[in-house]
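Ready for a short walk through a protein? Open your viewer, switch to a cartoon view, and keep the selection tool at hand.

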Amino acid sequence: MPDVDVCLASNRDLWDEWADVHAKGDWYDLDSVRRGADKLRPYEVQEVGDVNGLTMLHLQCQIGTDSVAWARRGAKVTGVDFSPRAVKIANSLAKELGVDATFVCSDVMKLPEALAGTWDIVYTSRGVLGWLPDLARWAHIVADYLKPGGFVYLTDIHPIAKALDDTSSELRVSRSYWPRSEPIAYRVEGSYADPNAQVNTTVKYLWTHSVGELVTAVAQAGLIIEFFHEFNWLDRPWPFLCKRGDREYVLPEGTGAELPLFLSLRARKP
């Protein structure tokens with residue numbers, strides 16, 4: 001297995017390719033964003049609360065569509081992503097739309113070398129945890145960027161769901177649930193937003209994290225956990241799931257299984 005820096009470099013190359021795929025595709029649908037649409041879910045808007053007049057640090061922001069959505073709701077947003085191509089697209093989009101959002105190119109794990117300051121809210125969402133090699137270090141970085149009284153909000157795929165086989169039409173476990181220090185290499189087939197997209201990067205490296213590891217990392221970084229919510233739906237069409245609503249896929253009836261597929265967490269700095 002390559003060392004961490006080699007794995008992260010490969011992942012960065014992939015996200016550079018994905019940024020162009022996503023900027024042109026229907027999943028992010030930049031034309032609808034230009035017309036005022038956003039993909040923030042009602043539950044997260046409610047759980048984050050009113051952001052008008054607050055500062056927000058959006059980690060792993062990709063091409064910035066959610067950053068733009070929060071800025072339109074009144075937040076002053078600083079987005080961070082390690083893909084230079086994604087950051088370029090995000091900055092261009094924010095400038096075009098005239099929203100209060102700026103973007104910084106940096107690996108989150110090295111962000112203190114590139115960005116100073118503190119924010120009212122640190123926000124991160126949807127497919128972010130698996131790309132992080134060290135949740136304990138991540139949580140301390142998050143805590144350091146929060147103002148006293150500020151909070152971090154995370155919503156993502158549940159670690160239990162990540163242990164399931166997302167390539168099979170049958171519900172089955174195919175990966176370890178327990179955290180490990182070394183990443184797992186996966187063959188790349190297009191993008192989660194466009195499985196048929198042509199990309200040159202052939203391998204992505206993801207780290208396995210458990211609920212216990214996440215909660216412990218946040219608590220040991222000195223943050224007070226206000227809630228940890230679990231949901232029975234996923235926001236993407238894995239083969240063994242049935243569509244229930246817009247960006248909402250659930251286990252089919254009759255499987256006999258009831259599993260959490262998505263989560264949200266909010267934790268506040270004293």
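Here is a tour in a few stops, first along some strands and then to a single histidine. Keep in mind that this is a predicted model.

**Stop 1: strand β2.** Select residues 76-81, which form strand β2. Is this strand largely enclosed or largely open? Of its 6 residues, 5 are buried, so the rest of the structure largely encloses β2.

**Stop 2: from β1 to β2.** Now add residues 55-59, which make up strand β1. β1 and β2 run parallel as a pair, joined over 5 bridges. To see one of these partnerships, pick L57 and look for its bridge partner in β2, T78. Next, trace the chain as it leaves β1, passes through helix α4 (residues 65-72) and arrives at β2: this β-α-β crossover is right-handed.

**Stop 3: on to β3.** Select residues 101-105 for strand β3, which pairs with β2 in the parallel sense over 5 bridges. Here, G79 has F103 in β3 as its bridge partner. Follow the chain from β2 through helix α5 (residues 84-97) to β3, and you will have traced a right-handed β-α-β crossover.

**Stop 4: H158.** Jump to H158, in the loop between β5 (146-157) and α7 (159-162). Is H158 buried or exposed? Its relative accessible area is 1%, and under 20% counts as buried, so H158 is buried. Show its side chain: it reaches the backbone nitrogen of I160 at 3.0 Å. Finally, display the residues that H158 touches farther along the sequence, more than four places away: V211, F228, E230, P260, L261, F262 and L263.

Key: Residues numbered from 1 in each chain as written. Predicted model: local features only at pLDDT ≥ 70, side-chain atom pairs only at ≥ 80, totals over all residues. Heavy atoms only, no water. Buried < 20%, exposed > 50% of the residue type's maximum accessible area, 1.4 Å probe, protein only. Helix = DSSP H or I, 4+ residues; strand = E, 2+ residues; numbered from the N terminus. Pairing = 2+ DSSP bridges. Right-handed = clockwise from strand over helix to strand, strands pointing away. Polar contact = N/O pair within 3.5 Å; in protein donor to acceptor, adjacent residues only side chain to side chain. Contact = heavy atoms within 4.5 Å.
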